[in-house]
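Student: I should be grateful for a close look at a single part of this protein. Please begin with one residue and its surroundings, and then set out what else can be described.

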Amino acid sequence: MIRTHDAGTLRAADAGTTVTLAGWVARRRDHGGVIFVDLRDASGIVQVVFRGAEAIEDQELSREEMAGMSEAHALRNEFCVLVTGEVQRRPAGNENPELPTGEIEVNAAELTILSEAAPLPLPVDDTVEASDDIRLKYRYLDLRRSGPARALRLRSKANQIARTVLHDRDFVEIETPTLTRSTPEGARDFLVPVRLQPGTWYALPQSPQLFKQLLMVGGMERYYQIARCYRDEDFRADRQPEFTQLDIEMSFVTQEDVIALGEAIVSALWRELAGHEISTPIPRITWHEAMDRYGSDKPDLRYGLELTELTDYLRGTEFRVFASAIDAGGYVGAVVMPGGASQTRKELDGWQDWAKARGARGLAYVVLDAETGEPRGPVAKNLSAEHLAGLAAAVQAKPGDAIFFAASGERREAQELLGAARQEIARRTGLIDEGAWAFCWVVDAPMFERADDGGWTAVHHPFTSPNAEWIDRFEEAPDRALAYAYDIVCNGNEIGGGSVRIHRADVQRRVFDLLGITPEEANEKFGFLLEAFKYGPPPHAGIAFGWDRVTMLLAGADSIREVIAFPKTRGGYDPLTGAPTPITSQQRAEAGVDAKPKTAAIPGTSGEAVPVEHSR
RNA sequence: GGUCCUGUGGAGCAGUUGGAGUGCUCGCCGCCCUGUCAAGGCGGAGGUCGCGGGUUCAAGUCCCGUCAGGACCGCCA
């Protein structure tokens with residue numbers, strides 16, 4: 001080491017010690033005869049004092065040391081320097097209580113400029129928030145700031161905490177291939193041409209799903225991996241195509257065991273990194289209850305504002321929007337905005353635009369007069385006196401509130417609109433406690449949902465087990481069949497999810513049948529897994545945490561880019577490296593991008609489905 | 001693919017109903033300064049107002065297109 005101490009660790013007790021520090025010039029305050037330099041390294045900041053020539057003579061410094069002094073005048077922000085000097089208590093009255101090292105300073109005797117810094121394209125300053133593209137282009141400068149640096153260090157700690165929890169329970173960390181074949185997760189694959197087999201392509205894994213199941217067949221019993229996954233879909237604040245999962249699989253366990261392990265992991269993470277004790281067991285809500293009460297399969301439980309179903313209450317209404325939904329066997333429901341009656345007409349119209357932006361036709365509303373509680377608004381004119389009279393009680397609204405309605409022949413569609421409105425109401429009315437942590441498990445997810453072609457598609461993936469109630473009869477009512485599938489949700493973010501897997505060949509065949517996957521297709525697509533399952537596969541189950549989201553929440557960030565060392569922009573562009581780039585014709589030829597495959601491609605397993613008779 | 005927001009010296013922002021010379025803070029360069037800590041003082045350099053087209057006597061400002069960044073929908077667990 002070229003230094004003896006870390007700058008941020010020096011305290012009053014170190015006074016009298018001669019130290020050598022290495023780091024960057026965070027700030028320079030040049031008074032002519034005395035220069036203060038804030039020296040920053042990974043541990044923090046300490047003030048270094050360079051004194052004028054007279055003072056140096058008093059200290060009987062050598063000629064080389066004096067030469068070093070004159071260099072201090074030339075220091076600029078972000079120069080990389082080596083400083084030797086004595087730690088001294090600051091003169092009385094000059095302490096800085098804002099700094100951990102504020103009681104002392106380092107009286108410089110020697111200065112070496114390790115490297116100079118050009119004028120900065122981006123200030124290394126915690127108080128200035130630069131735009132995303134400039135931050136990413138100069139990410140190495142961005143990372144010198146305390147916030148971004150802290151985020152990456154927190155992520156590292158999260159990794160360590162998770163590993164500790166898992167190793168304490170005899171889990172084995174195993175790496176799986178990143179050049180592989182398509183996994184059944186339903187997103188677009190990233191494809192890699194294979195020079196050794198022109199015309200053939202690897203897929204980057206959307207998850208290690210199939211490999212971790214094979215590891216269970218292989219008797220590893222307890223596997224985990226902090227795994228890179230790739231899904232070629234559009235970006236969001238909490239999503240990019242290249243992301244990380246804490247991936248876990250266990251043999252001879254039930255859903256309860258996986259949930260208990262998941263709670264142990266999040267409890268340890270939030271205890272150590274957020275100072276928050278999660279009370280366990282974490283509450284559970286079924287998928288259907290989550291949709292009914294919150295209009296979301298990842299409900300934010302930091303606030304109430306539950307939805308009310310009004311399908312039965314409004315049955316017989318002459319208001320066409322509601323009547324047609326009810327007649328179609330659909331759903332009408334409402335969510336209340338406390339105090340919403342005081343909104344201007346313009347604000348209420350704004351909700352229509354808000355709903356249209358989400359693909360809805362609009363958002364019907366009734367406001368209750370703050371004084372009389374009398375229902376008013378365009379929709380109120382269309383409802384019968386009877387329906388209006390009982391409305392406030394039915395949705396538990398008070399005078400001065402606004403009631404928003406959604407109606408659709410598709411229950412889920414209307415519920416999701418109300419769920420989104422619920423979130424928006426909470427935001428606008430300040431109902432969200434930003435300091436709160438609200439966890440829940442969403443359990444009993446449906447096995448299947450309708451595909452566009454009228455068949456069925458797996459909600460999770462085709463290896464998810466029906467629960468005990470449905471395992472022998474899911475064909476009878478695929479729309480109602482439930483899976484042993486569970487998601488863990490924090491403040492409205494899905495931070496993890498998993499399932500019990502099918503390990504019985506007969507059940508797997510029946511699920512494939514329902515999904516319209518022929519034995520031939522199944523064999524082509526994941527015959528290797530089915531083959532493995534011939535040889536005594538253990539019952540197994542697992543979970544995967546969206547690690548970027550987990551660390552984002554722990555870091556208090558609002559985008560996963562903040563907890564990724566080198567993230568990309570929404571266009572998939574990396575402003576730092578300039579990736580992606582075109583390739584040369586030689587690279588193109590060698591990669592075999594245009595080579596014809598020897599055998600035809602097999603279509604995917606998602607979306608292709610055979611219609612099955614509906615249960616209702 | 002769609003909706004919305006943003007784009008003004010190196011960075012962060014302001015710029016009114018379209019009206020003379022685009023302003024502020026920080027940074028940068030030079031000088032001064034011995035106790036500052038977002039140091040201070042004096043002086044200076046640095047701008048195709050993202051790009052292209054249009055309306056107008058006149059466009060940073062209005063309109064159309066386009067590019068880039070961001071939020072959301074679609075897509076994606």
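**Arg376 and its surroundings**

Tutor: Arg376 counts as partly exposed, because its relative accessibility is 38%, a value that lies between the limits of 20% for buried and 50% for exposed. The model is a predicted one. Arg376 belongs to strand 15, which covers residues 375-376. Beyond the neighbours within four places in sequence, Arg376 is in contact with Val366, Val367 and Asp369. With Asp369 there is also a link between side chains, a polar contact of 2.5 Å. Ala341 stands 35 residues from Arg376 in sequence, and their C-alpha atoms are 9.2 Å apart in space.

Another part of the model concerns a sheet. This open sheet consists of eight strands with mixed pairing, in the order 6-9-10-22-21-20-17-11. Its edge strands, each paired on one side only, are strand 6 (172-173) and strand 11 (284-286). Within the sheet, strand 10 (residues 242-251) and strand 22 (residues 540-546) run antiparallel and are joined by seven bridges. One of the residues involved is Glu249, whose bridge partner in strand 22 is Gly542. In general, the strands of a sheet pair through backbone hydrogen bonds, either parallel or antiparallel.

A final feature lies at the surface. Tyr140, Phe566 and Leu576 make a nonpolar surface patch of about 300 Å². Of these, Phe566 is placed in the loop between helix 15 (547-555) and helix 16 (585-591). Phe566 counts as partly exposed because its relative accessibility is 47%.

Conventions. Residues are numbered from 1 along each chain as its sequence is written. Chains are lettered from A and ligands numbered from 1 in the order in which they are written. This is a predicted model: local features need pLDDT of at least 70, side-chain atom pairs count only at pLDDT 80 or more; totals for chains, interfaces and linings use all residues. Side-chain values use heavy atoms; hydrogens and water are left out. Helices (H or I, at least four residues) and strands (E, at least two) are DSSP runs, numbered from the N terminus. Buried means under 20% relative accessible area, exposed over 50%, partly exposed in between (1.4 Å probe, protein chains only). Contact means heavy atoms within 4.5 Å. A polar contact is a pair of N or O atoms within 3.5 Å; within protein, one must be able to donate a hydrogen and the other to accept it, and residues adjacent in sequence count only if both atoms are side-chain atoms. Patches are made of residues with over 30% relative accessible area and no salt bridge: like charges are joined within 9 Å, nonpolar side chains (Val, Leu, Ile, Met, Phe, Trp, Tyr) within 5 Å. Accessible areas come from the Shrake-Rupley method with a 1.4 Å probe; for residues, only the protein chains shown count as cover. A salt bridge is a side-chain nitrogen of Lys or Arg within 4 Å of a carboxyl oxygen of Asp or Glu. Two strands pair if DSSP finds at least two bridges between them.
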